[in-house]
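Here is a friendly walk through the model, moving from single residues to cores, surface and charged pairs. Keep the structure open beside the text as you read.

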Amino acid sequence: GRPQIISNINACQVVVDCIKTTLGPRGMDKLIHSGNDVTITNDGATVLRLLDVAHPAAAVLVDVAKSQDDEVGDGTTSVAILAGELLSEAKHFINDGISAQVIIKYFRTACERAIKHVDSIAIDISNKSPEEKRSLLVKCAETSLNSKLLSGNKNFFAQMVVDAVMLLDGDLDHEMIGIKKVTGGSSTDSTLVRGVAFKKTFTYAGAEQQPKKFSNPKILLLNLELELKAEKENAEILIKDPKQYQSIIDAEWTILHDKLKKIADMGTNIV
């Protein structure tokens, strides 16, 4: 009935009020304490994800923001606030006794007209030069970064993001772009690797003398382990002479040495 609809709208408005002040480049950060974790962010999707929303109608609004984040990757706060404002306007008509079905009907009509208007003002980039397309993509990326902590270096990261996206295949699978976080340095020390990057720490003896950079290396990809595997827990070896034990150790190292020698003989630089 009408009281339940009003209750649902009020619950959604409470969620919208939580993230409304995070919108825009001057949006305020939110401090969220969950268990032993403390998060400071002004990203609407992150705030909504960390909120423990129990009300069913408000949970739908949270799902809308998550869907926006999954499909577009930006505009999560905007879509939640827009939905909240539409519900706020509908609340007045509900109080006046207008059926919810009638309101939904004209919301859909308004949506169709809005889509037509957006299509009419859309910019066709099919005939644009690669430089013009890249310029438009950089502007779009900068717009998304305006409300982020990186807004001070938005041009630097917008260029990097566009370069990364333009390296993708036609399917534009964004999961093919990875981010490796390294402690230390400033944000502008970030760099784009046009290839595959692995986060690896050299902790073995002699790592200081190991070359840190190769040009046109020969890379060997293995699907097996080089190190010696420990025997099973219940494995037993019966020996009568200590020399036999040493021969077992020597045999294991011989197997490992033979593998490494074959790799070295191939001229491999990186394994």
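Leaving out residues up to four places away in sequence, Thr77 touches Ile19, Thr22, Leu23, Asp43 and Gly44. This threonine belongs to helix H4, which covers residues 76-95. Thr77 counts as buried because its relative accessibility is 8%, and the cut-off for buried is under 20%. Please bear in mind that the model is predicted.

How confident is the predictor? The average pLDDT of the protein is 83, and 95% of the residues score at least 70. Confidence is lowest in helix H2 (residues 44-50), with a mean of 80. Helix H5 (residues 100-121) is where confidence is highest, at 93.

**Inside the fold**

Ile19, already met as a contact of Thr77, also turns up in the largest nonpolar core. That core has 15 residues, and Val15, Ile19, Leu48 and Leu61 are those with the most contacts inside it. Which elements give two or more residues to this core? They are helix H1 (2-20), H2, helix H3 (56-71) and H4.

Leu61 is a good residue to click on next. Apart from its neighbours within four places in sequence, Leu61 is in contact with Cys12, Val15, Val16, Ala80 and Ala83. Val15 is thus worth a second look, as it is a contact of Leu61 and is also listed among the core residues with the most contacts.

There is a second, separate core too, made of six residues. Among them are Val138, Ala141, Ala158 and Val162. As background, nonpolar side chains tend to be buried together in soluble globular proteins.

**On the surface**

Some nonpolar side chains take part in a surface patch instead: Phe93, Ile98, Val102 and Tyr106 make one of about 370 Å². Phe93 sits in helix H4, the helix that also holds Thr77. Is Phe93 buried or partly exposed? Its relative accessibility is 41%, so Phe93 counts as partly exposed.

**Charged pairs**

How many salt bridges does a search of the whole structure find? The search finds five, and the table gives three pairs with their N to O distances.

| Salt bridge | N to O distance |
|---|---|
| Arg134 and Asp163 | 2.5 Å |
| Asp163 and Arg194 | 3.8 Å |
| Asp265 and Lys261 | 3.1 Å |

Asp163 appears in a bridge with Arg134 and in another with Arg194. Arg134 lies in helix H6 (residues 130-145) and Asp163 in helix H7 (residues 154-166), so this pair ties together parts that are 29 residues apart in sequence. Arg194, by contrast, is in the loop between H7 and helix H8 (242-265), so its pairing with Asp163 ties together parts 31 residues apart in sequence. With a relative accessible area of 24%, Arg134 is partly exposed, whereas Arg194 is exposed, with 59%.

Asp265 and Lys261 are both found in helix H8, four residues apart, which is about one turn of the helix. Asp265 counts as exposed because its relative accessibility is 56%, while Lys261, at 45%, counts as partly exposed. Finally, Asp17, Lys20 and Glu85 are joined into one network by salt bridges that share partners.

How values were computed
Residues numbered from 1 in each chain as written. Heavy atoms only, no water. Buried < 20%, exposed > 50% of the residue type's maximum accessible area, 1.4 Å probe, protein only. Contact = heavy atoms within 4.5 Å. pLDDT = per-residue confidence, 0-100. Core = buried A, V, L, I, M, F, W, Y, C linked by side-chain atoms within 4.5 Å. Patch = residues over 30% accessible without salt bridge, like charges linked within 9 Å, V, L, I, M, F, W, Y side chains within 5 Å. Areas by Shrake-Rupley, 256 points an atom, 1.4 Å probe, with all protein chains shown as cover. Salt bridge = Lys/Arg side-chain N within 4 Å of Asp/Glu carboxyl O.
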